[in-house]
Structure formats: C-alpha cells, structure tokens
Amino acid sequence: MSDIIAKIKGIVGDANVVTADMPQYLKGNEQPAAVVFPGSTEDVVGIVKAAYDADVKVNVGGNVVETKGLSGGIAVVMSRMNQIEEVDPENLTCWVQAGMNHQEFVEKLSEKKLNFPPEPYAVSTSSIGGCFSIGDVDSKAFNYLPTRTFILAYESVLPTGEVYKVGTKCIKCVSGYDMIHFIAGSRATFGILTRVLVKLLPAPQAAKAVVADVPSLAAAAKAFKAIQKRKVFPTRLNALNKALGNEVMETSGCLVLVDIEGFPVSTAQYAKEVEAELKIAGASFTKVIEDKAEYDELWSKWLKVREKINLEENKVKFTVGPAKVVNALGSLSGIVSNIEENPGVLVEGLNGKITVFTDPDANAAAINNMAMGLGGNVSGLLGSQLRCKAYNDNEMLEEISRVLNSIRSEFDPKGIMAPGIKL
Ligand SMILES: Cc1cc2nc3c(=O)[nH]c(=O)nc-3n(C[C@H](O)[C@H](O)[C@H](O)COP(=O)(O)OP(=O)(O)OC[C@H]3O[C@@H](n4cnc5c(N)ncnc54)[C@H](O)[C@@H]3O)c2cc1C
C-alpha cells in the first residue's frame, strides 16, 4: 500500500494526500489508507489508474467520502476542483468542475441573472458532481423538471482510468442509448465525474412567496389539489406540520409555504389565486411576500429546516402522484398516530413527497405498501427493487440486480469503484 500512496503523492503532491487525521473527510466506520485531493482531471486519472493497477478500492465525495467497503482503499475528495470554467449566457450553459460547492455555484450564477434550479437537501455542503451523481429530485422539479434534465455533457474518469466524454451544448444530441442522463443516480459506480456541462435558465424576473397558517395538513393538501385544479403551478407548494413550521415562523396550525417564480404579471395573478384557495381551506393568516430581503430570509429558513430533516435518522420518506397527497395523508394517519403533533412532517405538494419523523423499522414497510397502493413508494428512489421486495418477487429482484450489475461491470471490470453501493 505504501507504494501506491507514494505514487499518488507523486501525482498530486504530498500536501494533497492525508493519511492521518482523516475522520473530518470521511463518513462511516471503515478506514481507508488515504484521503486524496486531486486538482485536475489528470490527477484523477493518475489516482484511479494507480488504484486500478493495484486492485485497490476507491470512493469519491464532494467534501466527505462514504467509507463502506473502503477499508485500506483510497478516498477521493473533489473540493479542490471547484471552478466555474465557462459561462455561456447565450447558449444558457456552463462548464463547471465537479467539486464546485452547490450554493456558491447558484449564487455566482444568480449574479449573472442565471438560474440553476436543482436544490439538494444539504445545499450548503453539496457539490455539483454529487448533485448529478445522486440525481435526486426536489420540490421545485415539477415545474423545472428533474435534476438529470440539467446535465448536457460531462467528462468523467472511468474506473479503468480512461477519460470518458459525452454530450455537447446542443440540446438535440442524443440518439440511441442516452448515455448522458445515464450518469444521474450512478453514485460513482461508473467512475469519477470531473467536469459537467450544465443547462441553465434565465433567472426569473419576479419571485413571490405566499405563507399561510392552515388548521391541518389535510386542509393544506386539499388546498394544494384545488390550486392545481385551477392550473396554477407554483414553483414550490409545501406544508410543514406545526413542529417544523414553527422553525420558520410561528403558527397555530401547519405552515404552508408557496414559492412563485416567473413574470411580474403571472406571479401576481398566481399569488392571488393561491391565497384565495388557502383562505377557503380555513387559513387563519395569509401573506404574500414580495420584498426581496423578506423572501430570501423565508427561503433560507426553509433550507435550514430541510437540512435538519436531512440529518434526522428516524424518518420515512415516500412519494405518490401529486393528486394522491390527500389520500396519502389520510392513510398515513392510520399508521403514524397524530401527524399534526408529530415532531416532523413535510408535505411537498407538487412532487407528491411526504416525509414523516417515525421509526423506519416499525413503519417503513406499512408506509411502502400504502404508498404503492397509491402508485408511489417509499423514498421515491429505488422503485423497482422495493416493489419486488414488497411482492416477495425474488426472481424479478434477482433479474434486475443481474442486469444492473452486468452494466456496472462493463464500466468497472475489477469492481474497485464505490464499494459500498450495492445494486
Ligand atoms: C435535487 C436534489 C434533491 C435532493 N433531495 C434529497 C432528499 O430529499 N433527501 C436526502 O437525504 N438527500 C437529498 N439530496 C441529496 C443530497 O443533498 C446530496 O447529499 C447532494 O446532492 C450531494 O452531496 P455531495 O456533493 O456532498 O455528495 P456526496 O455525499 O459527497 O456524494 C453523494 C454521492 O455522489 C457520489 N459523488 C460525489 N461526487 C462525485 C463525483 N465527482 N463523481 C462521481 N460521483 C460522485 C458519491 O460517491 C456518493 O455516492 C438531493 C439532491 C439533489 C440534487
């Protein structure tokens, strides 16, 4: 192992290889041999080739690396590769290095009146590589489309050490297998993303929020349905039960947070219609927020609540179609008692996602069965596997697993990359 560490030091420099005091860069209980900080694609190639030749496991992270299966391996932290390389406002694209901090990226683009909508839970610590590698979807995606939509091209280093480039600035760029969006959700199993060509949007000309104190989550969900029936589609349509809502502003019931982005005239009309439906739902208080400082303060508090939810271990998340949120909340009350007084319930009305603080061991299976009955599933991520498990269909589960693993081994014949990820 000392040979390979010496080799890697020769590539990235001694200062960019850490072998003692590593915990700050790691999550999990296993201990890699080194944490390495590449500064360029060439560095990543050198690290991965050295690991591949020596059959050593590798995992990667934006700032912190998961160590499952990584004992004695190499943890690659991308934080030095944190530059915006090119912003092209005419084509609405941007080349960015994979280790760029997500929040900083959004702020820099916003100075240029450009918008990159995906909003990870841990936005202040996430990286752009992690964003696409996880490929998750947030409560704005109903309007802005899922995260994968925002990757047009990328450069990655395959587990064999070869550089792989796919995609262009052209929107019409795919025929046959869609190898661009294939990367979304791959969680480093196909290699290390080094640079990403991101699709941008113009920043919205106007942004408004509507907040309301609504008697219950059920009343909020009914209002959400009515709002959608009016063909009003805000950017976010969320409700927080009392415990979480009070971390944003004091309410007697649940807090409804609606975000409306677009043009001045359309946002004003949408805000009126949203406010009207929330009043019909029994809101004791409603307010349209237009002042930029107040608007920014509201959404920064929301991001803090999201980060808190992210850190909570005792929770179950599930998704259903947005039209089924009312039914899902009704059925959830039969599984988890008194959701209004629960320490945490978040309803993301547009993407049909509900997060509830509860013991997953006790309740995840029942919640999954309920969600599947409404066309969704727990976590909204590993749909087919969960469905196979819920129906005890081991044959199908094995078949799905075989197909996924055979694709993975084409990219990673020695199985060195992302050892903690099981497909
Ligand atoms: C739109 C959106 C919504 C989200 N919603 C939720 C949610 O509801 N709940 C929740 O818990 N999380 C959610 N997340 C996930 C979240 O916040 C992630 O932690 C984040 O996006 C990635 O963070 P990170 O850069 O710290 O990645 P890390 O935690 O460092 O890595 C995440 C994964 O990406 C891989 N990875 C990181 N960098 C690279 C790279 N350069 N090349 C290849 N693979 C890499 C890692 O190996 C790991 O598998 C969401 C993410 C997005 C984008």
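Here is a short conversation between a student and a tutor about this predicted model.

Student: Let's begin with the overall layout. Into which domains is the protein chain divided?

Tutor: The domain bounds come from an automatic or database domain assignment. Going along the protein chain, that gives domain 1 (2-77), domain 2 (84-202), domain 3 (205-311) and domain 4 (312-405).

Student: How many Å separate the centres of domain 1 and domain 3?

Tutor: Domain 1 covers 2-77 and domain 3 covers 205-311. With the centres taken over C-alpha atoms, the separation of domain 1 and domain 3 is 44 Å.

Student: Now the ligand, please. Between which domains does the shell around the ligand lie?

Tutor: The ligand is surrounded by 31 residues, and the closest are G61, G62, P120, G129 and G130. Elements giving two or more residues to this shell are β4 (58-61), α4 (128-134) and β12 (192-199). Both domains named next give residues to the shell, so it lies between domain 1 (2-77) and domain 2 (84-202).

Student: Which element gives the largest share of the shell around the ligand?

Tutor: Two or more residues each come from β4, α4 and β12. The largest share is five residues, and the element that gives it is α4.

Student: By class, how many residues of the shell around the ligand are charged?

Tutor: Here Gly counts as polar. The shell has 15 nonpolar and 12 polar residues, and the number of charged ones is four.

Student: β4 came up in the shell, so let's look at its sheet. Which are the edge strands?

Tutor: The sheet is open, with four strands in the order β1-β3-β6-β4 and mixed pairing. An edge strand here pairs on one side only, and that picks out β1 (17-18) and β4.

Student: Inside that sheet, which residue of β6 is the bridge partner of V35?

Tutor: Strand β3 (residues 34-36) runs parallel to strand β6 (residues 74-77), and three bridges join them. The bridge partner of V35 in β6 is A75.

Student: Let's move on to helix α6. How many Å does it reach from its first C-alpha to its last?

Tutor: Helix α6 spans residues 217-229, which is 13 residues. At 1.5 Å a residue, 18 Å is expected, and the reach of α6 is close to that, at 18 Å.

Student: Which elements do the buried residues of α6 pack against?

Tutor: The buried residues of α6 are L217, A218, A219, A220, A221, A223, F224 and I227. Just after the helix, K231 takes a positive phi of about 65 degrees. As for packing, the buried residues of α6 meet β14 (206-214), β15 (236-240), β16 (254-262), α8 (264-280), α10 (325-333) and β19 (345-348).

Student: V265 is found in helix α8. Is V265 buried or exposed?

Tutor: A residue counts as exposed if 12 or fewer other C-beta atoms lie within 10 Å of its own. V265 has 10 C-beta neighbours inside 10 Å, so it is exposed.

Student: I367 is found in helix α11 (residues 360-373). Is I367 buried or exposed?

Tutor: Leaving out residues up to four places away in sequence, I367 touches V316, F318, L332, I335 and V378. Burial needs 20 or more other C-beta atoms within 10 Å. Because I367 has 24 of them, it is buried.

Student: Two of the residues that I367 touches are V316 and F318, so which strand does β18 meet through five bridges?

Tutor: β18 (residues 315-319) is joined to β21 (residues 377-378) by two bridges, running antiparallel, and T319 stands opposite N377 there. On another pairing, K315 has F357 as its bridge partner. That second pairing is also antiparallel, and the strand joined to β18 by five bridges is β20 (residues 353-357).

Student: Finally, some backbone angles. What is the phi of L92 near?

Tutor: L92 lies in the loop between β7 (84-88) and β8 (93-97). It is partly exposed, because 17 other C-beta atoms lie within 10 Å. L92 is not a glycine, yet its phi is positive, near 55 degrees.

Student: A418 also has a positive phi. Is A418 buried or exposed?

Tutor: A418 is found in the segment after α13 (394-411), and its phi is about 50 degrees although it is not a glycine. Because 26 other C-beta atoms lie within 10 Å, A418 is buried.

Conventions. Residues numbered from 1 in each chain as written. Predicted model: local features only at pLDDT ≥ 70, side-chain atom pairs only at ≥ 80, totals over all residues. Pairing = 2+ DSSP bridges. Near = placed C-beta within 6 Å. Expected span 1.5 Å × (residues − 1). Contact = placed C-beta atoms within 7 Å.
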